[in-house]
Amino acid sequence: MIYPTRSAILLAAAGAPFALLVAVFLPGSWYAGLVWPGAVLLLAALDALSGLRPVQGNATLDLPKSASVGATIDATIRVMFTGRAPARVEVAIGNDPLLVPVEDDRLLINTAGATGSARIPLTTIRRGTARLDTLWLRWKGGLGLVWKQRRIAQSATMRILPDVRPVRERGAQIFQRHALQGLIAQIDRGDGAEFESLVEFHSGMDHRAIDWKQSARHQKLHAKEFRTERNNQIVFAVDAGRQMSEPVAGLPRVDRAVAAMLLTSWVALKLGDRVALHAFDSRPRIASGLISGAAGFSELQRLAAGIDYSDDETNYTFALITLAQRLTRRSMVVLFTEFTDLTSAEFMVRAAARLVEKHLLMVVVLRDEELEALTGARPQTPADVTRAVTAAALLRDRLLVLTRLRHLGVHVIESEYDRVGDRLVSGYIDLKRRNLL
């Protein structure tokens, strides 16, 4: 594509007064006024025909294979010309909703020696697979009157993964705190289901563990020591439907759920349990196998990056029945979800009732602080009263649904958005310590 530069347009516009003067004072020679724009047009044509176009495949765009959400990465652009190359080339890349340029996405490259390269800093803002499939090059002709532009197809992709730096830091803090409190040791030995050994009773042990027959035989109090069963199955079911894609404090609910899931998975893998991921909206989207060992955490991170943002309504019946059919033994299912109406909540309660018959189910929801703020604020206008009454009704319906789930035997965690990871880890460790898994 060839089009005039700003200099060419201004130069052509500068001939308008000359054409006007010719038309006024020499009306019989009005055509002489066309000499100026004709000369500019001729020079622009000569400028367009001069120089060489770049050969096929003369520009490439490279992205890192993966990056974390919120990170700044560099897109590397390499340009190559044949023959006499222009001194400078402007480069622009295509748009992707997952990437935002740190500065202006147009970049000026000096092409000394017929080649040049530069980097465009980009910020990752959401999970998923970023694709940049278009690259534009443009440069001025030798006279500076025309732009020569070319569109080059690219196939640069990059996976944007959840940021696991807070997960590892927070997970290490949790392990350190539990180690200081003796909880990790307590999980390994003392409150499990498998008999470990018979030891002499001492202060602080559970009195229910006393073996009275052995105590009478040895004439000293002895207690049974148990070992917690490992290789429990923890399945994280992440609702990625429309309501979970809505933001909370600037971040979608599903991203909050993914962060809490990764933190708990890191702890579970460290404790020897196996973890699986199940993501769904109107139908199941991701159904992974069981992952074991701390080395499998990177695979779980890669799977979590594939959880997309959806506009579909959540189909609890289809998703949870499909999940139950895949589970061949008792498992702990952690369901991250959100609901605002009783109709969808009714389907969730029915599906949960069938799932809880065989498995341990935990439902994690985020507190709706916006509704709570509306009910607690002092009204100033009649519209504020209406909003407060509506918010109170929604919160009452929400409490009713959560109470029904608790009556079914479902463990419910309703947490603030910035504490959901800690609350979930604490709930998981408590259930494991009580041997409910």
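## Pockets, a cavity and a stacked aromatic pair

The largest pocket here has a volume of about 510 Å³. Please keep in mind as you look around that this is a predicted model.

That pocket has a lining of 21 residues, and those nearest its centre are Pro166, Asp255, Arg256, Ala259 and Ala260. Three elements give two or more residues each to this lining: helix H4 (165-181), helix H7 (253-270) and helix H13 (420-433). Which element gives the most to the lining of the largest pocket? The answer is H7, with 7 residues. In terms of residue class, the lining divides into 12 nonpolar, 1 polar and 8 charged residues.

The second largest pocket holds about 360 Å³ of space. Its lining is made of 20 residues, with Glu246, Arg253, Asp368, Glu370 and Leu371 lying nearest the centre. Here the elements that give two or more residues are strand S14 (247-248), helix H11 (369-376) and helix H12 (382-407). By class, this second lining has 8 nonpolar, 2 polar and 10 charged residues.

Now for the enclosed spaces. The count comes to 2 cavities of 30 Å³ or more, and about 70 Å³ of space lies in the largest cavity. Its lining consists of Met244, Arg253, Arg256, Ala257, Phe336, Thr337, Glu338, Val364, Val365 and Leu366. At least two of these lining residues come from H7, and at least two from strand S19 (360-366). By class, the cavity lining has 6 nonpolar, 1 polar and 3 charged residues.

Two of these names have come up before. Arg256 lines the largest cavity and is also among the residues nearest the centre of the largest pocket. Arg253 lines that cavity too, and is among the residues nearest the centre of the second largest pocket.

Phe336, another residue of the cavity lining, leads us to the aromatic rings. How many aromatic pairs are there in the model? The count is 1. The partners are phenylalanine 236 and phenylalanine 336, whose rings are stacked, at 6.3 Å centre to centre and with 20° between the planes. Because phenylalanine 236 sits in strand S13 (residues 233-239) and phenylalanine 336 in strand S18 (residues 332-336), the pair ties together parts that are 100 residues apart in sequence. Are these two rings' residues buried or exposed? Phenylalanine 236 has a relative accessible area of 0%, so it counts as buried. Phenylalanine 336 is buried as well, with a relative accessible area of 2%.

Three further residues are worth a visit, and their accessibility is set out here.

| Residue | Relative accessible area | State |
|---|---|---|
| Isoleucine 160 | 0% | buried |
| Glutamine 149 | 21% | partly exposed |
| Aspartate 308 | 54% | exposed |

Isoleucine 160 belongs to strand S10 (residues 146-161). Leaving aside residues up to four places away in sequence, isoleucine 160 touches Ala67, Ser68, Val69, Leu98, Leu99, Thr124, Arg126, Arg127, Gly128, Ala130 and Ala305. One of these contacts is valine 69: the two residues are 91 residues apart in sequence, and their C-alpha atoms are 6.2 Å apart in space.

Glutamine 149 is found in strand S10 too. Its relative accessible area is 21%, and since buried means under 20%, glutamine 149 is classed as partly exposed. Which residues does glutamine 149 touch, not counting residues up to four places away in sequence? They are Met1, Tyr3, Trp136, Leu137 and Arg138. Methionine 1 is 148 residues away along the chain, yet the C-alpha atoms of glutamine 149 and methionine 1 are separated by 5.1 Å.

Aspartate 308 has its place in the loop between helix H8 (297-305) and helix H9 (316-326). Aspartate 308 is 22 residues from isoleucine 286 in sequence, with 9.9 Å between their C-alpha atoms.

Finally, a step back to the whole chain. The chain has 13 helices and 20 strands. Of its 437 residues, 43% count as buried. Its accessible surface comes to about 23,200 Å², and carbon and sulfur atoms account for 55% of that. Among contacts between residues at least 6 apart in sequence, 73% join residues at least 24 apart. The isoleucine 160 contact with valine 69, across 91 residues of sequence, is one you can look up for yourself in the structure.

Methods:
Residues numbered from 1 in each chain as written. Predicted model: local features only at pLDDT ≥ 70, side-chain atom pairs only at ≥ 80, totals over all residues. Heavy atoms only, no water. 1 Å grid on protein atoms, 1.4 Å probe; cavity = no way out; pocket = protein on both sides within 12 Å on 5 of 7 lines; lining within 4 Å. Points joined across faces, edges and corners; volume = space filled by probe spheres on them. Helix = DSSP H or I, 4+ residues; strand = E, 2+ residues; numbered from the N terminus. Nonpolar A, V, L, I, M, F, W, Y, C, P; charged D, E, K, R; others polar. Buried < 20%, exposed > 50% of the residue type's maximum accessible area, 1.4 Å probe, protein only. Contact = heavy atoms within 4.5 Å. Areas by Shrake-Rupley, 256 points an atom, 1.4 Å probe, with all protein chains shown as cover. Phe/Tyr/Trp six-rings, centres within 6.5 Å; stacked < 30°, edge-to-face > 60°.
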